[in-house]
Amino acid sequence: MKRTISILLFWGALCLCPRAYAQSRTDEQMKQAQENLTKKEYIKARYLFLQAYNSFASQDKYDKAVECGVNASSLYHRENYYKEAFELLRSAEQMVAAGEQKSGKALPGLHFRINKERLQMYINLKNPARAKELLNRLEETARAARNDSLSNDFLYTQANYYYTFGMNAQGDAAINRLIGQYKELKNYAKVNECYQTLINIARKANNAGLVARTYDKYILWTDSVKALTAQDELNLLKKKYDESLATIGEKDDSLSTKQYIIIGLCVLAAILGAALIFGGIVLLRFIVLTRKQKKAIDIANEHNDLKTRFIRNISVRMEPTLNTLDASQPGVQALRSFSAHIQELSELENSLSQPYEMEEKNISIFCEQLMDKIREKVREDVTLAVNAPKLNVKINPESLERVLLHLLANAAEYTPAGGKIWLDFKKRGAHTHQFIVSDTGCGIPEERCENIFKPFTEVKDLTQGDGLGLPICSLISVKMNGSLTLDGGYTKGARFVLELHT
């Protein structure tokens, strides 16, 4: 009998050990993923989160599986792998649904977290319609769960949605509703948390106005809390003082001298308390403003460095592969052009503080020569005109030619037969002049005007152009101590104005 029991215990231990080992290994994977995420080693973190997600899912650890899945999804769409991110969230939702069916219990918190991550992706993709659908679904989940924590989380999420899409009034209403609930409960710590969370939401949405308004409200709230606390303390002191007076009155009149001493001490304490509160308010204002400015500068510098390294890495990694491909293929030519452009873009951004060398040139001759270079590119019966005086001006010929030839080539491409392209030169002051390229082509759609000088704002077929020409021209213009702009008032085609300061 004892031998049989020993054998059963032995086999039971063998069955349990692999499961315990697997669980321990999965917990270690999750811990390592968090550590890599803290170190900003995002690819390693994503891989480990995916491994931990699959392991937890196989062990029916739904809470931890969803946590790992959402973190991995966040790292996917951080690198613009939205397809993989959505597929992972869909898998997590199916896992939760299967878990609900197996256990017979609803898991609204897990559905909420998955849909919250989906909502964040649609916000990042600037898709307000789909984001609104997810927001409504989150509201239904929070309402059905009847959970204060989910309800509060929903209000934060709702405020984030409204602020991101510029609906500041609705965002204020959502966050004020939550703050009002905590104020009624006199839970001042939660009110502080609301303001801090709102500041983080505004920063992520790049809403400088909201950040400033929230800081002002937060400072006013901090002042009012200190005033309320001081008033409570003063009321407590007054209550104790009144009790002391009653006790003294019941005893001997000889204690009247001590009564006056107590009154004097209370007044002195109130004065000192008021002075400390005032000093604390001034110091807090200074600290908040200083931190805000330092944080804004650090974030801007960090983003610029990350962008530069990212662009360089793309170019370096593409070049060896491109050299092995058939250069006659349009796709290969487009990729090579794209690689050259992003290298040039990176070099320009790093050398903006180094001005070009200038030399005097006859503007009339210079402009006529530029126009001659595009005559073969224009369609039939397109009129080319140059309006430039015979005037010597200090310029950097190579850089100026690069910008103007790109603008004229674009004009030639989009101006139909019988149209007109002209290049004007105008002096706007003793040290300011303009080169104006105009055409009678199809113009630029209004929705694209805002981002034409920004790189990487749209996904397009590289064989149709990479969209980096105008951003490069804009940076060259800045390096020439000038600016390149689109004339929004011109409606007969497109008109670009290059303004230089000498």
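**Exercise 1.** Is V267 buried, partly exposed or exposed, and what is its relative accessible area?

*Solution.* The model is a predicted one, and the values used here are computed from it. The first step is to place the residue: V267 belongs to helix α11, which covers residues 256-323. The second step is to take its relative accessible area, which is 45%. Buried would require under 20% and exposed over 50%, so V267 counts as partly exposed. The last step is to look at its surroundings on the surface, where V267 joins Y260, I263 and I271 in a nonpolar patch, and together these residues have about 400 Å² of accessible area.

**Exercise 2.** Describe the aromatic pair of F86 and Y122, and work out which parts of the chain the pair ties together.

*Solution.* Begin with the count, which comes to five aromatic pairs. One of them is formed by F86 and Y122, whose ring centres are 5.1 Å apart and whose planes stand at 35° to each other. Since planes under 30 degrees apart would count as stacked and those over 60 as edge-to-face, this pair is classed as tilted. Next, locate both residues: F86 lies in helix α4 (residues 82-103) and Y122 in helix α5 (residues 108-124), and therefore the pair ties together parts that are 36 residues apart in sequence. Finally, consider accessibility, where F86 is buried at a relative accessible area of 15%, and Y122 is buried as well, at 11%.

**Exercise 3.** Find the ring over which the charged end of R78 sits, and do likewise for K479.

*Solution.* For R78, the ring is that of Y42, and the charged end sits 3.6 Å from the ring centre. For K479, the ring belongs to Y356, with the charged end 4.9 Å from its centre.

**Exercise 4.** Compare how far apart D216 and R285 are in sequence and in space, and describe the setting of D216.

*Solution.* Along the sequence, D216 and R285 are separated by 69 residues, while in space their C-alpha atoms are 9.6 Å apart. D216 is found in helix α10, which takes in residues 208-250, and its relative accessibility of 48% makes it partly exposed.

**Exercise 5.** Summarise the chain as a whole, going from secondary structure to contacts and then to surface.

*Solution.* The chain contains 16 helices and seven strands, and of its 502 residues 35% are buried. Turning to contacts between residues at least 6 apart in sequence, 64% join residues at least 24 apart. The chain exposes about 30,300 Å², of which carbon and sulfur atoms supply 54%.

Key: Residues numbered from 1 in each chain as written. Predicted model: local features only at pLDDT ≥ 70, side-chain atom pairs only at ≥ 80, totals over all residues. Heavy atoms only, no water. Patch = residues over 30% accessible without salt bridge, like charges linked within 9 Å, V, L, I, M, F, W, Y side chains within 5 Å. Areas by Shrake-Rupley, 256 points an atom, 1.4 Å probe, with all protein chains shown as cover. Salt bridge = Lys/Arg side-chain N within 4 Å of Asp/Glu carboxyl O. Helix = DSSP H or I, 4+ residues; strand = E, 2+ residues; numbered from the N terminus. Buried < 20%, exposed > 50% of the residue type's maximum accessible area, 1.4 Å probe, protein only. Contact = heavy atoms within 4.5 Å. Phe/Tyr/Trp six-rings, centres within 6.5 Å; stacked < 30°, edge-to-face > 60°. Lys NZ or Arg CZ within 6 Å of the ring centre and 35° of its normal.
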